[in-house]
Amino acid sequence: MAQVEATTERIVAADADTVFDALADYSGTRAKLLPEQFSEYEVREGGDGEGTLVHWKLQATSKRVRDCLLEVTEPTDGELVEKDRNSSMVTTWRVTPAGEGRARVVVTTVWNGAGGIGGFFERTFAPKGLARIYDAVLARLDAEVGKQ
């Protein structure tokens, strides 16, 4: 099994603390940021960053739905890590200052892909599809907290 990685980033028109707080707000803001590929969103423990346990289903393709149960940690300042209890998937959100009143958000998801021909297609197409989904999340984040 080869590791598969999808990364996307965006400059958001808000300071890094505001952006990070919005991303870490699983009981409020985060649900508003999710596009139609996410369903059954539910905070099961916590709700604000470290210690949160959150569930959702992610429909990455018309045939592929991941049932995710994510444990959230904050290993360093400006970083949220979501580890799926149901798979090898780990998503890391990094928020850093990007000039006056702006923040750079980089989201990276990694998981152990399938082997064989299915794995080839997964490594080829899944990162682009997941990057599109997370680009939509980042656009909604900018619309929610950005200074327009």
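**Note on the predicted model**

1. Among contacts between residues at least 6 apart in sequence, 50% join residues at least 24 apart in the protein. The model is a predicted one, and the points that follow should be read with that in mind.

2. The protein has three helices and seven strands, and when these are read along the sequence they follow the pattern β-α-α-β-β-β-β-β-β-α.

3. Of the 148 residues, 43% count as buried, while the protein exposes about 7,700 Å², of which carbon and sulfur atoms supply 48%.

4. V106 offers an example of a contact between parts of the chain that are distant in sequence: it lies in strand 7, which covers residues 103-112, and its C-alpha atom is separated by 5.9 Å from that of T8, although the two residues are 98 apart along the chain. Leaving aside residues up to four places away in sequence, V106 touches T7, T8, E9, T92, W93 and R94. V106 counts as buried because its relative accessible area is 17%, which is under the 20% cut-off.

5. On the surface, D15, D17, D21, D48, D77 and E100 form a negative patch. One of these residues, D17, is placed in helix 1, which spans residues 16-24, and D17 counts as exposed because its relative accessibility is 58%, the cut-off being over 50%.

6. A backbone detail to look at in the model is E40, which has a positive phi of about 55 degrees although this residue is not a glycine; E40 lies in strand 2, made up of residues 38-45.

Note on methods. Residues numbered from 1 in each chain as written. Predicted model: local features only at pLDDT ≥ 70, side-chain atom pairs only at ≥ 80, totals over all residues. Heavy atoms only, no water. Patch = residues over 30% accessible without salt bridge, like charges linked within 9 Å, V, L, I, M, F, W, Y side chains within 5 Å. Areas by Shrake-Rupley, 256 points an atom, 1.4 Å probe, with all protein chains shown as cover. Salt bridge = Lys/Arg side-chain N within 4 Å of Asp/Glu carboxyl O. Lys, Arg positive; Asp, Glu negative; His and termini not counted. Charge placed at Lys NZ, Arg CZ, Asp CG, Glu CD. Helix = DSSP H or I, 4+ residues; strand = E, 2+ residues; numbered from the N terminus. Buried < 20%, exposed > 50% of the residue type's maximum accessible area, 1.4 Å probe, protein only. Contact = heavy atoms within 4.5 Å.
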